Amino acid sequence: MASPDSDGLLAEQLLRLTRRLHRIQKRHLEQHALGITPAQSRLLRTLAHFGEPPRMADLAESLEVVPRAVTTLVDGLEANGKVRRVPDPANRRVIRIELTDDGRTTLRELRRARRAAAEEILAPLTGEQRETLGGLLDTLVGTVPAQGRGC
């Protein structure tokens, strides 16, 4: 069983890794000159997972933020042509958010930037170590193990 000191060390290591990952990802986003923030990139990735254009409230719930934060993110992305607000076909009072073609292109670039960041941070690990880390992370985040895990 782990001691409180070792748990504290693990927590600190996880926090340092998270900060490092954010810094590397931010650098890769800047290098790709996508003109979006990490928070906006998270919204685009979340938006892409919906089967149909979601409402702002749906995005806020998925992102676990207040609706006002989503409004600000959508405003910026809409101004840059990455998303657009569209009326719900069944209820014109409801506004949905959908990706534009430029938004889909940006999303593909984001995925490349994220992969590059992951490759950079995982470079020191062997294939076996990556598999082990992937299994541990699946356990920690409570997901089903990915098939054919890769960067």
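Here is a walk through this predicted model, from its core out to its surface. Residues are numbered from 1 along each chain as its sequence is written, and side-chain values use heavy atoms, with hydrogens and water left out. Because the model is predicted, local features need pLDDT of at least 70 and side-chain atom pairs count only at pLDDT 80 or more, while totals for chains, interfaces and linings use all residues.

Let's start inside. A nonpolar core is a set of buried Ala, Val, Leu, Ile, Met, Phe, Trp, Tyr and Cys residues joined through side-chain atoms within 4.5 Å. Buried means under 20% relative accessible area, exposed means over 50%, and partly exposed lies in between (1.4 Å probe, protein chains only). The largest nonpolar core here has 20 residues, and Leu-43, Leu-44, Val-70, Val-74, Val-83, Ile-97 and Leu-110 touch the most other members. Two or more residues of this core come from each of H2, H3, H4, E2 and helix H5 (101–122). Those labels are DSSP runs numbered from the N terminus: helices (H or I) have at least four residues and strands (E) at least two.

What does Leu-43 touch, leaving aside its neighbours within four places in sequence? Its contacts (heavy atoms within 4.5 Å) are Leu-59, Leu-63, Val-70, Leu-73, Val-74 and Leu-77.

Helix H3 is a good next stop. It covers residues 56–63, and Met-56, Asp-58, Leu-59, Ala-60 and Leu-63 are buried in it. These buried residues pack against helix H2 (38–48), helix H4 (67–79), strand E1 (83–87) and strand E2 (95–99). Just after H3 comes Glu-64, in the loop between H3 and H4. Most residues other than glycine have a negative phi. Glu-64 is not a glycine, yet its phi is positive, at about 55 degrees. Glu-64 counts as exposed because its relative accessibility is 73%.

Now for the charged pairs. A salt bridge is a side-chain nitrogen of Lys or Arg within 4 Å of a carboxyl oxygen of Asp or Glu, and by this rule the count comes to 10. One of them joins Lys-82 and Asp-102, whose closest N and O atoms are 3.1 Å apart. This pair links distant parts of the chain, with Lys-82 in the loop between H4 and E1 and Asp-102 in helix H5, 20 residues apart. Lys-82 is buried, because its relative accessible area is 9%, whereas Asp-102, at 33%, is partly exposed.

Lys-82 also leads us to Thr-106, another residue of helix H5. Is Thr-106 buried or exposed? At 4% relative accessibility, Thr-106 counts as buried. Setting aside neighbours within four places in sequence, Thr-106 is in contact with Leu-34, Ile-36, Leu-44 and Lys-82.

Another salt bridge pairs Asp-88 with Arg-96, with 2.5 Å between the closest N and O atoms, and both residues are buried. Asp-75, Glu-78 and Arg-85 are joined into one network by salt bridges that share partners. Arg-19 and Glu-12 also meet through their side chains (3.5 Å, N to O). Arg-19 is partly exposed at 42% relative accessibility, and so is Glu-12 at 34%.

We finish on the surface. Val-141 belongs to helix H6 (residues 127–141) and counts as exposed, because its relative accessibility is 58%. Together with Leu-137 and Leu-140, Val-141 forms a nonpolar patch with about 310 Å² of accessible area. Such areas come from the Shrake-Rupley method with a 1.4 Å probe, and for residues only the protein chains shown count as cover. Patches are made of residues with over 30% relative accessible area and no salt bridge, with like charges joined within 9 Å and nonpolar side chains (Val, Leu, Ile, Met, Phe, Trp, Tyr) within 5 Å.
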